[in-house]
Amino acid sequence: MAVAKKQQELVVTVSPHIRSEETVSKIMWTVSISLMPAFIMGVYYFGPKALLVTALCIVSALFSEWLVEKMAGREITISDGSAFLTGLLLGMNMPASAPFYIPLISSFVAVAITKQLFGGLGYNIFNPALVGRAFALITWPRAMTTWIEPTAAFVGMDAKTTATPLGILKEEGMHKLLEVFGDKMSLYTQLLVGHKAGSLGEVSVIAILIGAAFLLYKRYITWHIPVSYLATVAVIAWVFGGKEGLFTGDPLVHLLSGGLMLGAWYMATDYVTCPSVRKGQIVFGIGCGFLTMLIRLKAGYPEGVMFAILLMNCFTPLIDRNLKSKVFGARKEAGK
Amino acid sequence: MEVPEEKISYLQLIKNGVFKENTIFRLVISLCPSIAVTTSIKNGFLLGIAVLFVQTMVNTTVGLLRNFIHPRIRIPIFMLIISGWVSVVDMLMAAYARETYKEIGLYIQIIVAFASILARAEMFASKHRVDYSFFDGFGSGLGFLIALVIISFFRELLGKGTLLGYSIVHAKPLLIMVMPTGGFLVVGLLMGFFNWIDMRFYGGKGAGGAGGH
């Protein structure tokens, strides 16, 4: 080791000479760790089944990654954390009551088809975890929209099924939501803490925000996409969300419910599938927000975060190409 | 006008249509029907038969008439020939296979617009002798038929859990497979699989090509 170090001191190389400590695998594992508060809240509310669903997702993701890389003769990269993170995110996007084959199959679709068949890490067009979830939602619509009530009890009783806040809001309106949750204040608190039905990792907004703050502090994500995303959702919810006319909607309910927080902070900011230009990231966020609210207010599904982000993923290359900053001093080519 | 042609073996022409220039997996045209009708083997097979018949007859007719068709107006003439033969199939099916006709009748009429049929007429039949054109059309139609059956095999098995209408798998089927999304998935994966076979065992470079409908 010492000899190798000595030799390295004498090696002359071309730039870059100063390298960042960050590696793909370090970032992936840090993001996974930052998801832990939200995940623990999910397990707390939905019991050991939540743990099982996520574990199945992760195992299947790692296995799919290994299988395809083995078959394609690529380098095996299951330890770099990206498949683990995909599995974890997918698991957190599942209802805790999902039967065992749903995590297994959709995790395979997420990693093997969405990521590996497009060329592996860095080459995928769509966010793998979201494609896995979209696949599951289309394939098993009943099972993927059966939500169990949060109980915070680790006993093996049969869970009661119920509707998500967004489902209630869509089907019956705000008054029913207040009926279920009590008054406005208690509604906001319960949405924030996570005492509501939903995918197991998306329920606790406060835990997601803690994780996201950590990522912001580490500078693994920037504010551009999440903030523009959330702001767009809030504005549209305020203007068009109300039943009594314009400007009567309740933006806080829309911000705090559904998969919006998890989507905005963790899914939309995926390095591979979001624009890398800052201006483009804001456009991306606004687009996601617009599509999310379009689906929530006008389309058949109560929640639209997943489809909104997937649709905007398609536009990422276009946004990047059109908004990239000018090379300083470059002249316009003649005829252009 | 008549150019002396080199000899091509009939078998070679059929093999070419089925493997080397397979309409769906190699030329990547006529994807629209390959996704629309392949939710069950029966429908896939019947549309494949209809296409096989139309393709063969169109190629034969074009091969016969090619010296009388003015190059400038060849496309309209080809279209007339194609729609003529499609009408024949359409009426035959309406008369003798009413049940199936109700299910896939629309797609039978739409064979007129299949890129594959016009492509074979333009690329091959208008330049070759009638017997060669016949076998080229037959091979190409056969390739299309086989592709449709393979695609619909997987989609029916995974999407409905049945084969030819008989229940095979008793697990919950994957609903996505009978939707267009699943169709694209199956076509893409099969295309990749055949490319892989081609590259691994025959030293090919894989298919490329622009899509059509």
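This passage describes a cavity in a predicted model, a residue of chain A, and the overall form of chain B.

Attention is given first to empty space within the protein. Rolling a probe the size of a water molecule over the atoms shows where such space is left. In the present model, one cavity of 30 Å³ or more was found. The volume of the largest cavity is about 310 Å³. Its lining comprises 22 residues, of which A:Met28, A:Leu85, A:Leu89, A:Asp270 and A:Tyr271 are the closest to the centre.

Several helices of chain A take part in enclosing this space. At least two lining residues each are supplied by helix H2 (24-34), helix H5 (82-92), helix H7 (128-139) and helix H15 (260-267) of chain A. Among the contributors to the lining, H5(A) gives the most, with four residues. In terms of residue class, the lining of the largest cavity is made up of 15 nonpolar, five polar and two charged residues.

Helix H5 of chain A also contains A:Thr86. The relative accessibility of A:Thr86 is 9%, and this residue is therefore classed as buried, the cut-off for that class being under 20%. When residues up to four places away in sequence are left out, the residues touched by A:Thr86 are A:Ala110, A:Val111, A:Pro128 and A:Ala129.

Chain B was examined as a whole. Its secondary structure consists of eight helices and two strands. Along the sequence of chain B, these elements follow the order α-α-α-α-α-α-α-β-β-α; the two strands are thus preceded by a run of helices and followed by a final helix.

The overall dimensions of chain B were considered next. For 213 residues, a radius of gyration near 17 Å would be expected of a compact globule, and the 18 Å computed for chain B agrees with this value. Taken along the principal axes, the box filled by the C-alpha atoms of chain B is roughly 65 × 45 × 25 Å.

Burial, contacts and surface complete the description of chain B. Buried residues make up 44% of the 213 residues of chain B. Among contacts in chain B with a separation of 6 or more, 74% are accounted for by residues 24 or more positions apart. The area exposed by chain B is about 11100 Å², and 70% of that area is supplied by carbon and sulfur atoms.

Key. Residues are numbered from 1 along each chain as its sequence is written. Chains are lettered from A and ligands numbered from 1 in the order in which they are written. This is a predicted model: local features need pLDDT of at least 70, side-chain atom pairs count only at pLDDT 80 or more; totals for chains, interfaces and linings use all residues. Side-chain values use heavy atoms; hydrogens and water are left out. On a 1 Å grid over the protein atoms alone, a cavity is a set of points where a 1.4 Å probe fits but cannot get out, and a pocket is an open set with protein on both sides within 12 Å along at least five of seven lines; lining residues have an atom within 4 Å of a point. Grid points are joined across faces, edges and corners, and a volume is the space filled by probe spheres set on the points. Ala, Val, Leu, Ile, Met, Phe, Trp, Tyr, Cys and Pro count as nonpolar, Asp, Glu, Lys and Arg as charged, and the others, Gly among them, as polar. The radius of gyration is taken over C-alpha atoms; the globule rule is 2.2 Å times the number of residues to the power 0.38. Buried means under 20% relative accessible area, exposed over 50%, partly exposed in between (1.4 Å probe, protein chains only). Contact means heavy atoms within 4.5 Å. Accessible areas come from the Shrake-Rupley method with a 1.4 Å probe; for residues, only the protein chains shown count as cover.
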